[in-house]
Amino acid sequence: MTTQEAAPIAVPSGQPVTLLETIWNEPGPAGLTFRFRFLAPEIGFGGSVDYDTAYADIVALCESYVLPRLNGTEPAPAQVIVSLSDRPLPFGAADPEATQFFEAFSISDGHCIWEAF
């Protein structure tokens, strides 16, 4: 597991996104799963980023941030989950005040392929 990076990561929406943590020691439904959790404060209530815009950011994060970090990982994960949260929350915690978006991907031919949960 890695923890928060302070430097913002460029995304299509321009919102300030930072890495909260990467988790690979919690099994997922598809087998080995890497979770990349990002802080995206503009997705919350009253924020300027709606789900469709955030989805484009999630795909971009998977392609430009996640894939390079998985290069050479053995064994390769069966699934990658990219999540955005408007506030830091512990992994698995629920907060009715928080906004969180999650998308799952498989990796094929060097690309993130969206997977329905």
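# A walk from Ser 106 to the salt bridges

Start by selecting Ser 106, which counts as buried at 17% relative accessibility (buried is under 20% relative accessible area, exposed over 50%, partly exposed in between, with a 1.4 Å probe and protein chains only). You're looking at a predicted model, where local features need pLDDT of at least 70 and side-chain atom pairs count only at pLDDT 80 or more, while totals for chains, interfaces and linings use all residues. Residues are numbered from 1 along each chain as its sequence is written, and side-chain values use heavy atoms, with hydrogens and water left out.

Now add Glu 115: its side chain and that of Ser 106 are joined by a polar contact of 2.7 Å (a pair of N or O atoms within 3.5 Å; within protein, one must be able to donate a hydrogen and the other to accept it, and residues adjacent in sequence count only if both atoms are side-chain atoms). What else is Ser 106 in contact with, leaving aside neighbours within four places in sequence? Besides Glu 115, pick Ala 78, His 111, Cys 112 and Ile 113 (contact means heavy atoms within 4.5 Å).

Ser 106 lies in strand β5, so colour by DSSP runs next: helices are H or I with at least four residues, strands are E with at least two, numbered from the N terminus. Strand β5 covers residues 100-108 and pairs with β4 in the antiparallel sense over six bridges (two strands pair if DSSP finds at least two bridges between them). Zoom in on Val 82 of β4, whose bridge partner in β5 is Glu 103.

Stay on β4, residues 79-85, where seven of seven residues are buried. Gln 79, Ile 81, Ser 83 and Ser 85 point one way, and Val 80, Val 82 and Leu 84 the other. In a regular strand the side chains alternate between the two faces of the sheet.

β4 also pairs with β3, in the parallel sense over seven bridges, with Val 82 as the partner of Phe 36. Show helix α1 (residues 51-70) too: β3, α1 and β4 make a right-handed β-α-β unit.

Last stop: how many salt bridges does a search of the whole structure find? Two (a side-chain nitrogen of Lys or Arg within 4 Å of a carboxyl oxygen of Asp or Glu). Select Arg 37 and Glu 21, 2.3 Å apart, N to O. This pair links β3 (residues 33-39) and β2 (residues 18-23), 16 residues apart, and both residues are buried. Then try Arg 87 and Asp 86, at 3.1 Å: Arg 87 is partly exposed at 29%, whereas Asp 86 is buried at 12%.

Methods. A crossover is right-handed if, with the strands pointing away from the viewer, the path from the first strand over the helix to the second runs clockwise.
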